[in-house]
Amino acid sequence: MSSHTIAKYLIFCWSFFLCTILSFSLYAQSDNEGKRRLGSSYFISNTTVIPEPGKLLQRQHILFENGVITAVGRTISLPPEAQEIKGDSLFVYAGFIDMANKTGVTEPEIPEKPKDFDSSNPAPEIAGIHPHYRVSSHFLENNPHDKEWRQLGFTLAQKLPLGKGMLPGTSALYTYGQEGTNNLLAENQSLYVKFSTVGGVYPNTDLGVMAKWRDLMQNARLYKEHETRYAVDKGVPRVEKNPVLAALIPVIDRKMPVLLETSDELDIQRALKIQEENELRLILTGVNEGDQLLPTLKERGIGLVLTLHLPEDKFSESSPGEAGADFESRKERVKAAYQQSLNFAGNVEKAGIPFGLTTKHLPRGDFYKNLQLMIKNGLSEEGALAALTVNPATLLGISDMAGTVSEGKMANLLLMSDTLFSEASKVRMVIADGYVFDYSEKTDKNKKEETIWEYKAKTPGGTSRGTWKFSRNEGKWTGSVTYENPEGSGTRTAPTRTEEINADSMRFSFSVPVRGEDLEVTVSGTISGDSFSGEMKLIGYENFPVKASKKDKPERSNEL
């Protein structure tokens, strides 16, 4: 057999092997777009369930349909049509709940200032006072940020309105289910309040915000009283409709909580004054300091939302030349403040105050890192899990539908490869509102796939070309090489054998029958995208360069 013919045959086999390798790198089972709805009956079988912080149940089944958990246990009754999600090696948690989140929210359009504008008495909308604005009117459900947070385990979020000023509007609750479906759970969930101003108009100071808040509360009470009197006595002058004051009535009636943004301890003290004057249902968000105020916050029953956006470590490395008593003193103060922020979550837990967490302003890659920092500095693992599940469900008033893995709750579940806070643990699957988002790296062993590659090799006899095919069926890969007949005209087909496979290189061998003997050929090289570059080796012959390109790709599967 000529070296030219051997080279052509070897190239073909090598191409087949490459295709096989690349196919392994595709995750056919993965469906991270959640296109399948668990509309009929499904169950996660024989899994480990952490139904709530501090509890662990082994060898459990979880049955759910139409987005609702219908049974949890070892010996539950399974409908004959129920389809199985194997959970033998998985750990199942309730889906995370994000509080005070603004991803996907757009800022409302504010009216322009009139020509006779009076900065001391601006229209409420111009002054950033529009509690009647609903975040649901300005939220883009199909946004990439929420998809990224869902991949980390978040299945539900409280969305806050954007806007300058003290009263941007009311929040809403959304589930991170399939885009294009009805993911809105509740509108007007809370009134969002900030110690913030719009430049150049009243109120333009923190004290002005406090005074304006008192004025609004008093006028809202008078507005409600007027409406009540008019409803029973038409002799009373008709009420002049005021959307701002009308939106505040649920707040003074304690039917709607106030979610107040804080940035420091002084803000917390101002918030306590507001709560004292108006007996509001108050939740503070963005909290990251104020240890000495924790007893008062607990006594008042004020809810807390701690920020996961921790300050940067600015003291571990000093710049060259920095020295001296002043520098060391400043360094120690910065270090103490940094350490206090890390300890704060643990101190809140020790104080017995249930709290939720917000990812606002948090880079996605810092989520688990910062959570681990809190745990290393005093927060228990049970407390961290509670802050992501049962606590926010309580603060948001949705404990009847979210926060734990139990019957009657929404099918919002997080499936992990290991316990949640293990460094090796990975998110395998997220189920949000009954939609499955599969982030595992497993392939679908039952998916049939075929692909074709074209190769060419440079040999002393010229360039040799051909094709190779491979297929996968029930987890088994088989391949064949078509090559020019070394003993005459036409082509031949031979099977390939795979030896080593990884993401960026491959090595395989095959046999070429020539005049009653089998010549062993080895192909090795590297993979880059849809291209392969390597060489084929035949004992007793020189090595020949081989290149191949992929002409079609295996399809991804949307099935379990």
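Lysine 212 and aspartate 215 are three residues apart in helix α3 (residues 206-232), so about one helical turn separates them. Their side chains meet in a salt bridge, with an N to O distance of 3.9 Å. The structure is a predicted model, and a search of the whole of it finds 14 salt bridges. This briefing covers several of these pairs and then the nonpolar cores.

**Salt bridge within helix α3**
- Aspartate 215, the acidic partner of lysine 212, is partly exposed, with a relative accessible area of 35%.

**Salt bridge between strand β12 and a loop**
- Lysine 360 forms a salt bridge with glutamate 261, and the closest N and O atoms of the pair are 3.3 Å apart.
- Glutamate 261 belongs to strand β12 (residues 258-261), whereas lysine 360 lies in the loop between β15 (355-358) and α8 (367-376); the pair therefore ties together parts that are 99 residues apart in sequence.
- Lysine 360 counts as buried because its relative accessibility is 13%, under the 20% limit for that class.
- Glutamate 261 is buried as well, with a relative accessible area of 15%.

**Salt bridge between helices α5 and α6**
- Arginine 300 forms a salt bridge with glutamate 276, with 3.9 Å between the closest N and O atoms.
- Because arginine 300 is in helix α6 (residues 294-300) and glutamate 276 is in helix α5 (residues 265-278), this pair ties together parts that are 24 residues apart in sequence.
- Arginine 300 has a relative accessibility of 30% and counts as partly exposed.

**Salt-bridge network**
- Asp206, Asp267 and Arg270 are joined into one network by salt bridges that share partners.

**Nonpolar cores**
- The largest nonpolar core has 79 residues, and those with the most contacts inside it are Trp213, Leu284, Leu304 and Phe367.
- Helix α3 supplies the largest share of this core, namely seven residues.
- Tryptophan 213, leaving aside its neighbours within four places in sequence, is in contact with Met166, Leu167, Leu191, Val193, Val258, Ile274, Asn278 and Leu280.
- A second core, separate from the largest one, has 17 residues, among them Tyr42, Ile44, Leu90 and Ala411.

**Points to locate in the structure**
- Helix α3 holds the pair lysine 212 and aspartate 215 and also contributes seven residues to the largest nonpolar core.
- The salt bridge of lysine 360 and glutamate 261 has a buried residue on the lysine side and a buried residue on the glutamate side.

Conventions: Residues are numbered from 1 along each chain as its sequence is written. This is a predicted model: local features need pLDDT of at least 70, side-chain atom pairs count only at pLDDT 80 or more; totals for chains, interfaces and linings use all residues. Side-chain values use heavy atoms; hydrogens and water are left out. A salt bridge is a side-chain nitrogen of Lys or Arg within 4 Å of a carboxyl oxygen of Asp or Glu. Helices (H or I, at least four residues) and strands (E, at least two) are DSSP runs, numbered from the N terminus. Buried means under 20% relative accessible area, exposed over 50%, partly exposed in between (1.4 Å probe, protein chains only). A nonpolar core is a set of buried Ala, Val, Leu, Ile, Met, Phe, Trp, Tyr and Cys residues joined through side-chain atoms within 4.5 Å. Contact means heavy atoms within 4.5 Å.
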